[in-house]
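Q: I have a two-part model open and would like to go through it with you. Can we take it piece by piece?

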Amino acid sequence: MAQDQNNHDNPDTPADQAEAGTQDTGEATAEAEQAGAAEIAELKDQVLRSLAEMENVKRRASRDIENAHKFAVEKLLSDLFPVVDSLEKAVETAEQTEGAQPIAEGVALSLKLFVDTLAKSGVEQIDPLGEPFDPQVHEAMTMVPNPAAEPNSVMDVMQKGYLLNGRLVRAAKVIVAKAPDA
Amino acid sequence: MGKIIGIDLGTTNSCVAVMEGGEPRVIENSEGDRTTPSVIAYTEDGEILVGQNAKRQAVTNPTNTLFAVKRLIGRKFKDDVVQKDIKMVLYKISEAANGDAWIEVKGEKLAPPQVSAETLKKMKKTAEEYLGEEVTEAVITVPAYFNDSQRQATKDAGKIAGLDVKRIINEPTAAALAYGLDKKRGDAKVAVYDLGGGTFDVSIIEIAEVDGEHQFEVLSTNGDTFLGGEDFDLRIIDYLADEFKKDNSVDLHSDPLALQRLKEAAEKAKIELSNSSQTEINLPYITADQTGPKHLVLKLTRAKLESLVEDLVQRTISPIQTALDDASLTISDIDDVILVGGQTRMPLVQEKVKSFFGKDARRDVNPDEAVAIGAAIQAAVLAGDVTDVLLLDVTPLSLGIETLGSVMSVLIEKNTTIPTKKTQTFSTADDNQTAVTIHVLQGERKQAGQNKSLGQFNLEDIPPAPRGMPQIEVAFDLDANGILNVSAKDKATGKEQSIVIKASSGLSDEEIEQMIRDAEAHSEEDKKFEEMVGLRNQADSLVHGARKALEEAGDKASAEEKEAIENAAKELEEALKSGDKEGIEAKMQTLSQASAGLAQKMYEAEAAEAGPGPGAQDGGQNASGGSDDAVDAEFEEVKDEDKK
C-alpha cells in the first residue's frame, strides 16, 4: 500500500520529516484539541441546562393552567359573596317583620338558589359557630369574655367564609369567646 | 446550583420573585396570594403562624402577634424609632444585654432577626414549592437609609431562615433594575417615589456606567414613615361614616363589623376611582337600630376623593425637594422618575409627581412587585443566569418564499426565537412544470414585491406531472448567528438545491421598524390583495379543471355542455383580467354549474366501469396526501428561461 504517514521504521523518509513537522505543530494541535474539548463540554452543559429548564417551564406552565382553571373565577366569586351576605340579612330582617312572610319566603328561596349554584362551582360556605377558632379559615374581629362558651371558640359569626375548591377565598369573620377574668 | 430568589422583605408585606426563562416572575404563596403580610404570631400551643393566618388571629393574641418588626431590626433599644414603636404596638419590646432592641414573647426574649426569619422561611418555602427544588440562596432588599447594623441583621435573618444572602440591595435600586434602567448607555440620575401602604420613601440614585458595568449609588433619601395608602383609606372611611351619621344619627365607627365593611368598601372604591370618574358604595344592612335595618348607599366621585386626600399627596412633595437639595441636584438633573408602591396607581399622585418633575413618571412595572422583581433580576445576574439569556435572539421580520400570485408565504414568523428550523411542502403551478424557483423574502407585506428579496435559486429536473402533484419540501434553517439556509428538495427524486444567506444581507434596525410600520399601515390593502390572489388561484384551478374534464370526457360530453363550459371558462378568464371581485365570483359560479353536470356524468360512468377515479379532478387545489407539512400546499411560479 502507499507509504503510511506514521511509519517510524525509516528515519530518513519524508514521512519522518513530516512527523518532525507534526511534532512542532503537535503541541498546537493538542492545545487546540483541549480547547475544542473544553468548548464541547461547556456547550454540552448549556444544552443540558436549556433542556432541563424547558422541562421545568413545561411543568410549571401546565400547573399554572390547572390553577387558572380552578381559580379563574375567584375574583368574580369574591365580588359575589357580599350579595349572599345581603340576601341572608334580608331574610333575617324579613322574618322578624310583620306581614313580610311572602317576601321572606321568596328571598329565602333566592338565597338558597344562589348558594346551591355556587356549590356546583366548588364553593363551600364556612359557618363555624361553636367551633374552635382556627386562624386558617377564621378571622377574629374581637374577643369577648363569655362564661358560657368554651374559651377560644367561635361564639358569633358576623360574616360567613368561603372556600373555592379547597382554597380559602374569604375567611369567616367571627367573634371569639374568652374566659372571663377571674 | 439552584436558583437564587429575590425577596422584598417589607414592613407590612413581603414578596418573592425569581427569574424564569429570562423573565422575572412573582411567586404566589400557598394561599394563592402574591404578597404575604409580614406578621408573625406565636400561639398558646406553641405554633408559629406566618402571614395571613397570623394576621387573622391578632385580636385573640395581641401580645404575641408581631408586625412591623422591620422597624426594630438592627436597632438599639434606646433608638428614637424603637421608643416610638413601643407606644404603638401591643407586644413587648425590651433591651437585650448588648443594648439591641429585642421582643419578648411568652416570657422568652427573641431577637428581631429571629422573628423576621420566620417570614423569610415562608418566602423560601413558597419559592421551593413553585420551583420544585431546594432554594438556599437569596437577594434581599432593604430601605436605602438602613445602616450597616440593620443590613447585617437582615442578613442574619436570612441565615437563620436557611438562606445564604448573596447580596443586600437597596429598595430604590431594585426598583430601578425592575425598570431596566441599568440597560441604558451612560450615566443617569433617577428619582424613586415609593408610596406604599404605610410609608413614603423618596430616593435619588445615580446609575453610572463604569467599564461597561452599571454601578448604583444612593445620593440621598427622604420620606415620611407615617404616610401611606392606609391614610387615604381612612379619609374615605371617615367621609362615609360622617355622611351616614348625617342621615341616620348612627356612628358606624363604634360597630366593629360595620367598620370592617366600610374599610373594605373604602379601599375598593379608592381603587375603582383610579379607573373611573365615579363609583357607588353599596352596603345593605350595614347596621340596625330599633327602627330596623339600615343601608348605606353613596356615590363617590373622583373629584370628591381627590379633595379628601389632596393634602396627603401634597405632603409627599417637600420630602422630594429636600432629597434633591441633599443631593445638590435640581429637577432638571433628574433623567427618570419611577413609581413604586400601590398608592402610586392613583391619578392624583401621578399628576402631582408629573407636575413636580415636569415629566411623566415610569409606571409600567407593577408598583407592588417592582422591588421583588428587581431583587430577582439581581439574583439572576449573581447566579450567572442572565448571560445565558442574552444568547437567545429573535428574528425581527418574517421569512418566506414567493408563491403563485406574487404572494409571500411565510415559513418563519417574525419574533421567533432562533435558532429555529421550519419546513413546508409546496408544489408546481402548471402541468409538466419541470423546475421551481425559490425566491427567499423577508418582510411583513403580503405582496411578494413589497418585501426584501434575500436571494433565489432553482430546483430543476422535476419529473413532468400534473400541477399540484409534485412534492417540493422547502426548509428554512436559521442558526443562532442569523445565517439562513434555504433548501428545496423534490421528494420524488431526492434532488435538492440550497442557498446560504448571510445575516448581513438583511435590513438595518431602522429599516426593520419601517417595514413593520408599513405592514400595519397597509394591512387593509394587503388583506384585500391576499383575498384577491386566493380568488384568482381558485378561479384558475376551476378553469383548468373544467378544460381538463372536457378533454377527458371527450365525446361523453354533449355539444351543448361543451359550449356552455367553454363559454363560462372564457368569461371567467375575462373577468380575471378585470380584477372585479364580484364579477369573478359570479363567473366562477357559472362555470361550476356548467361543469357540474358533466362531472356527474363522468362519475356515474366510472362507477359503472368500476375503475379507479380520475387523478386531478379536484382541480389540484389540495396537496396529494402523505406528507405532514403539506397541509396547505400552494403553487409556485416557474421561470423556465433561466437555468443556473
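Q: Just after H5(B), which residue takes a positive phi?
A: That is B:Gly180, with a phi of about 70 degrees. Bear in mind that this is a predicted model.

Q: And helix H5 of chain B, how many of its residues are buried?
A: Eight of its eight residues, so by the 20-neighbour cut-off for burial the helix, residues 171–178, is mostly covered. The buried residues include B:Glu171 at the start and B:Ala178 at the end, with B:Pro172 and B:Thr173 also among them.

Q: Which residues touch the most other members in the largest nonpolar core?
A: B:Ala175 and B:Ala176, which are also buried residues of H5(B), are in that group. The others are B:Ile5, B:Ile7, B:Val192, B:Ala375 and B:Ala376, out of 107 core residues.

Q: Which element gives this core its largest share?
A: Helix H11 of chain B, residues 370–383, with nine residues.

Q: What is B:Ile5 in contact with, leaving aside neighbours within four places in sequence?
A: B:Val16, B:Val18, B:Ala127, B:Val135, B:Ala138, B:Ala376 and B:Ala379.

Q: What other core lies apart from the largest one?
A: One of 23 residues, among them B:Leu399, B:Met408, B:Leu459 and B:Val474.

Q: Zoom out. How many helices and strands in chain B?
A: 16 helices and 29 strands. The chain has 644 residues, and buried ones make up 39% of them. Of the contacts in chain B between residues at least 6 apart in sequence, 66% join residues at least 24 apart.

Q: Now the interface. How many residues of chain A are in contact with chain B?
A: 23 residues of chain A, against 17 residues of chain B.

Q: Which elements of chain A give two or more residues to that side?
A: Helices H1 (14–71) and H2 (74–96), plus strands E2 (138–145), E5 (167–170) and E6 (172–178). E2(A) supplies the largest share, six residues.

Q: How do the residues on that side divide by type?
A: Eleven are nonpolar, seven polar and five charged.

Q: Different spot: where does A:Leu118 lie?
A: In helix H3 of chain A, residues 101–120.

Q: Why is A:Leu118 called partly exposed?
A: Because A:Leu118 has 19 other C-beta atoms within 10 Å, and a buried residue needs 20 or more.

Q: What separates A:Leu118 and A:Leu164 in space?
A: Their C-alpha atoms are separated by 9.3 Å, and the two residues are 46 apart along the chain.

Key:
Residues numbered from 1 in each chain as written. Chains lettered and ligands numbered in written order. Predicted model: local features only at pLDDT ≥ 70, side-chain atom pairs only at ≥ 80, totals over all residues. Buried ≥ 20, exposed ≤ 12 C-beta atoms within 10 Å, placed from the backbone. Helix = DSSP H or I, 4+ residues; strand = E, 2+ residues; numbered from the N terminus. Core = buried A, V, L, I, M, F, W, Y, C linked by C-beta atoms within 7 Å. Contact = placed C-beta atoms within 7 Å. Nonpolar A, V, L, I, M, F, W, Y, C, P; charged D, E, K, R; others polar.
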